[in-house]
Amino acid sequence: MPLYEALRLALAQIRVQKLKSFFTLLGVTIGVTFLIAVVSIVQGMSNYVTSAVAGKFLGVNTATLRRFPNFQNGNVTEAQWRLWMQRPPITIADAYAVRDALPQDAGWAIDDVKWVNATSKYTNGGPQLLAHAATPQLFKIKNLNITEGRVYSDEEEQLGLPVAVIGIETKQYFFPNVDPIGRDIKVGGLPFRVVGVLEKQGTVFGQPLDRVIYAPFQSPMQRFTGARENLAGVLVQAPSPAAMDEIQETVDEVMRKRHRLHPAQENDFVVETSASALSSWDTIKGYLVAAGIFLPAIGLVVGGIVIMNIMLVAVAERTHEIGVRKSLGARRRDVMAQFLAEATTLSVLGALIGIALGFGLSKLLSSAFGLPSGIAPWSIALAIGLGAGVGIAAGIYPASRASKLDPIIALRAE
Amino acid sequence: MTADVSDIPLSTTGERQAVVGSVGAVPGKDWVIVTRGITRDYDMGGEVVHALRGVDLAVRRNEYVAIMGPSGSGKSTLMNLVGCLDTPTAGEYWLNGSLVSDMKDDALARVRNREIGFVFQTFNLLPRATALHNVELPLVYAGVGSAERRKRAKEALESVQLGDRMDHRPNELSGGQRQRVAIARALVNRPAILLADEPTGNLDSGTSEEIMRVFEHLADTGQTVIMVTHEPDIAQHARRVVVLRDGRISSDDRRENFVKKLVEK
């Protein structure tokens, strides 16, 4: 019997016994619903973390040279911390040496940061701002867009002019009701002329990205960020993901040479990428996904047992039908195919309903608790695969019993 | 196209003895059924029951044979063996040139599908399927495509005057109509034999006559028909009557002789 015949027969059978079929596939549906919901939530969190870390904190295809990691795997011990503090600082000379070693098409920027106090004539104080003394290439590498005014130019960088690009919250706090462009904001008593306002960045891991002020690296801002003691970060950007390794190696080489490390010594600096920053998240995500699959799997096993029971009942109820079919020439494999198809169709149908409900549930959870949610295509494939697998596993025993019935005895049933 | 009864060749006793006697030999093309000393034993909880104790039966193409006997005579067992639903404990059974007594499950299913059309006392139609779908079933298992299947099932239903009942389910049909659907189903694969098991057992006498006329017509048009029954009235519609007793053939006569004996009793 061809597959589509078996399938058609299975669908007809399910249509005839709607309520029974519904209860039969409930177990699988519930299992798949939770599987999809958990995976969607984890995926959503993962998307959020990835885009936040890769896009906003570190930049795409970007590696950052630092004295020690900004993103740490787990807790940092006291001893580790002390070791890190003994490392040589990243100097301005290091930053330029790295720039000179990079290929033409690679991006490069210095980004030194520190929290500072600021004042303006238009308000009575405001919150602390994260000050960036940064070369203008940073705007391009980090994809920072301007809504008002402009970013500062290379000339302004070279001349070290006291100009500034501010975040949207900085504007709201320090220039309420006035256009900030062309007006001054004071950091450490020194005025910086605002030339541009950044578009809204939001927050990442609770850090406000809009309470910022950017000024040319060579401007007096570097005094407030303490660039002479240690640079917070030197960013390098590869032209393509494939070129990332090469760029990282270049930075490594330059820094090892400058720090005179012999081959056996470990790096006394770190070149951080989104991949390295995300490694700890990947571990967490692995556990979450494993739990998200294991727990619903119990539901699927129960669902499979229910299907097996119902199929055994169906075989008993339809013994006479099996006898008739056999008398008309149905072979063992035809009968087997019929019942296997029925169990599998039921189970896959349950999985499909579960997928729909699961996405519904994850959307509901995400709107109720503000959890991000995202669709992982592999979870759909997995759910359908599991559904089919459960159906086949649950159907094999009843189907084989049906196929082995003696036609004479089966015909005599009822 | 009703042919005269005498036009249909009946196997003579001599011929039958000849073909049944040559054990192991492939019967000639003309012989649809040849059994040589088939037995069937059942193990009933340690006690062996001999349902058939050596039956030699030869049926030629185009014959219309009734198998009679009281209950317990072994006629149901014989019918199961002839219908390839069961295999004999010993002996040979040749159906349409192939030795089916040695066949296993799936091969037997194939033979049932191609060579045998069953008509049962209780019709055995699938209750939830339409008449058309019921008739299509043997073609499904023969692997016939759906368009061809529909066409042939329609033709089969039309040949039993049910062209206007194709979309009815069995419970929307009368007993006679149900049995005619079953006959259409039995014939749709153009089997070598039509095998009917008490085909009128669940029908009133009027409807029984109607079904017997259908069988008559089929026999006239060249279909080999074997009918198992315990009713002499029904059996005498066939052209040859085989009577079983205690697992053996006790008589094998032309209809005329059978009727004569009936009257003598």
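What follows is a walk through a predicted model, taking in chain B, its contact with chain A, and a few helices of chain A.

Chain B is a good place to start. Its fold contains nine helices and ten strands. Of its 265 residues, 48% count as buried. Contacts in this chain often bridge long stretches of sequence: among those between residues at least 6 apart, 69% join residues at least 24 apart.

Six of the strands line up in an open sheet of chain B, in the order E6-E7-E8-E3-E9-E10, and the pairing is mixed. At the edges stand strand E6 (116-119) and strand E10 (248-254), each with a single partner strand, so one side of each has no neighbour in the sheet. On average, neighbouring strands here are turned by 20° against each other, ignoring direction. Within the sheet, strand E3 (residues 64-68) and strand E8 (residues 224-228) of chain B run parallel and are joined by four bridges. In this pair, B:Val65 sits opposite B:Ile226 of E8(B).

Chain B also has a helix pair worth a look. Helix H6 (residues 175-187) and helix H7 (residues 205-220) of chain B pack with their axes 9 Å apart, at an angle of about 20°. That angle is under 35 degrees, so H6(B) and H7(B) count as roughly parallel. Their crossing is right-handed. On the H6(B) side the contact is made by B:Gly175, B:Gly176, B:Gln179, B:Arg180 and B:Ile183, while H7(B) brings in B:Thr207, B:Glu210, B:Ile211 and B:Val214. Sorted by class, the residues where H6(B) meets H7(B) are three nonpolar, four polar and two charged.

Next comes the place where the chains meet. The contact draws 18 residues from chain B and 16 residues from chain A. On the chain B side, helix H3 (105-115) and helix H4 (131-142) each supply at least two residues. H3(B) gives the most to this side, with six residues. By class, the side of chain B that touches chain A has nine nonpolar, three polar and six charged residues.

H3(B) turns up again around a short stretch of chain A. Seven of the nine residues of helix H11 (residues 319-327) of chain A are buried, so this helix is largely enclosed by the rest of the structure. The buried ones are A:Glu321, A:Ile322, A:Gly323, A:Val324, A:Arg325, A:Lys326 and A:Ser327. Their cover comes from both chains: it includes H12, helix H13 (377-403) and helix H14 (407-412) of chain A, along with H3 and the strand E6 of chain B. Just past the end of H11(A), A:Gly329 adopts a positive phi of about 110°.

H12(A), part of that cover, has another partner in its own chain. Helix H1 (residues 3-16) and helix H12 (residues 332-369) of chain A pack with axes 8 Å apart, at an angle of about 60°. The two are therefore oblique to each other, and their crossing is right-handed. From H1(A), the residues A:Ala6, A:Leu7, A:Leu9, A:Ala10, A:Leu11, A:Gln13 and A:Ile14 meet A:Ala337, A:Gln338, A:Ala341, A:Glu342, A:Thr345 and A:Leu346 of H12(A). The residues of this contact divide into nine nonpolar, three polar and one charged.

Key
Residues numbered from 1 in each chain as written. Chains lettered and ligands numbered in written order. Predicted model: local features only at pLDDT ≥ 70, side-chain atom pairs only at ≥ 80, totals over all residues. Axes fitted to C-alpha atoms, helices over the stretch in contact; angles between N-to-C directions. Parallel < 35°, antiparallel > 145°, perpendicular 65-115°, else oblique. Left-handed = near helix turned anticlockwise from the far one by under 90°. Contact = placed C-beta atoms within 7 Å. Nonpolar A, V, L, I, M, F, W, Y, C, P; charged D, E, K, R; others polar. Pairing = 2+ DSSP bridges. Buried ≥ 20, exposed ≤ 12 C-beta atoms within 10 Å, placed from the backbone.
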